[in-house]
Structure formats: structure tokens, C-alpha cells
Amino acid sequence: MPLHRSRLLPAALLLAITSTLTAQDALPPGVSRVASVEGITEYRLANGLRAVMLPDRGAQRNATTSFDRTNYYEVFPASDENLDWALDLEADRMFNAAITRELLTSQMSVVRNEFEIGENDSEYVLYQRVFSTAFLWHNYGKSTIGARTDIERVPIERLQAFYRTYYRPDNAVLIVAGRFDERRAVDRLNRAA
């Protein structure tokens with residue numbers, strides 16, 4: 001059954017209304033609080049729609065690698081505390097990464113799995129073939145994840161040397177975007193560095 005705009009309206013209203021509700025606030029008519037566990041609350045609207053709310057989704061962090069760069073990023077609600085957390089995280093990543101044989105062994109299956117996902121993705125395979133043809137004499141013609149033998153047999157010393165060579169402040173760019181006080185961010189960054 002297709003959803004009509006009139007059926008979606010109560011959900012949109014609920015999102016707007018419940019984002020500011022506390023446990024003591026009265027709910028709109030026809031809305032009932034079903035259950036609440038550890039900050040996650042389920043509501044039911046008069047039309048039967050169930051909605052689950054988690055006001056604080058925390059932060060998201062990830063990394064990507066391309067031909068000329070690796071980027072690490074965090075997305076989080078704007079606050080001085082969260083900015084401090086992110087700057088501390090990146091400063092720690094820049095200076096204190098523990099690249100050990102044990103860590104390499106524990107992460108090997110994760111990296112190999114990512115490699116195999118690419119091997120089984122027809123779009124990715126086509127992309128790699130086009131690049132390998134376009135860049136015959138350049139490393140852009142090779143996959144950034146490397147070959148299976150690279151992944152399975154990389155010497156730990158080579159990874160440690162790569163980290164020492166490239167993970168340096170003079171080889172990095174930090175981008176801070178969003179709602180923040182620029183002067184305070186620069187002060188925090190200077191302290192974290």
C-alpha cells in the first residue's frame with residue numbers, strides 16, 4: 001500500500017515534538033510512550049505508527065583511503081567536549097598508534113575481508129580494470145588496498161616505517177567544520193598538538 005503524505009505527517013510531527021520531550025513532559029494527544037530503556041524510547045501514534053527515539057546517537061568515525069591520501073573523520077554534535085575528544089583522538093592517532101605484530105595478526109582477517117568484498121563487486125572490478133588500463137605506467141592503475149599477497153605477507157617493520165614516515169603533523173591537514181568558536185578551536189588544537 002503506498003504511503004501518502006498525510007500518513008507521514010504524524011511521524012514528522014512526532015520527531016519534531018519528541019526531540020525536546022523529557023520524561024515529565026505531556027505527550028501530544030494520541031501519542032503514547034510504550035517503553036524506555038537506557039535512553040531509547042518507543043512511542044505509538046494513534047494511527048498505529050511506532051517510532052523509536054534515541055536523542056543522542058553519539059559520534060561516527062571512520063576512515064577511507066584513496067590514491068593520494070588517507071582520511072580519518074569524526075561526525076559528532078557540536079560541543080567543546082566533543083571537539084576536545086576528536087582532537088585528542090587525532091593527536092593520539094598521529095603520535096601513538098601501536099603497530100604491533102599482535103595487532104597486525106588480529107586485523108588481518110578484517111583487511112582480507114574488505115579485499116574480498118572488492119573482488120566480488122563487479123562495479124569495483126570494472127573500476128579497477130579501467131584504471132589499470134588508463135594508468136599503465138602509474139600506481140593509480142593499482143588498487144589502494146593492494147594485492148592479496150601484500151595483505152597476507154606485509155612485514156610489520158614495513159608498516160611501522162610507513163607510519164613513522166607519513167603520520168606526521170607536517171604531512172597532514174585538519175579540517176574542522178560545523179558550529180564552533182574558531183578561536184577556542186584553535187586554542188584547543190594548539191594544546192592537543
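I began with L189 and looked up its exposure: this residue is partly exposed, with a relative accessible area of 36%, where partly exposed lies between buried, under 20% relative accessible area, and exposed, over 50% (1.4 Å probe, protein chains only). The model I am reading is predicted, so I kept in mind that local features need pLDDT of at least 70 and side-chain atom pairs pLDDT 80 or more, while totals for chains, interfaces and linings use all residues. Residues are numbered from 1 along each chain as its sequence is written, and side-chain values use heavy atoms, with hydrogens and water left out.

I then placed L189 in helix α7, residues 182-192; helices (H or I, at least four residues) and strands (E, at least two) are DSSP runs, numbered from the N terminus.

Next I turned to A59, which I found in the loop that runs between β3 (50-53) and β4 (60-65). A59 is partly exposed, and its relative accessible area is 44%. I looked up its contacts (heavy atoms within 4.5 Å), and, leaving aside residues up to four places away in sequence, A59 touches V75, F76 and W85. I also noted that A59 and E74 are 15 residues apart along the chain, with 6.8 Å between their C-alpha atoms.

E74 came up again when I looked up E90, because E90 touches Y72 and E74, again not counting residues up to four places away in sequence. E90 belongs to helix α2, residues 80-95. Is E90 buried or exposed? I found that E90 is buried, with a relative accessible area of 17%.
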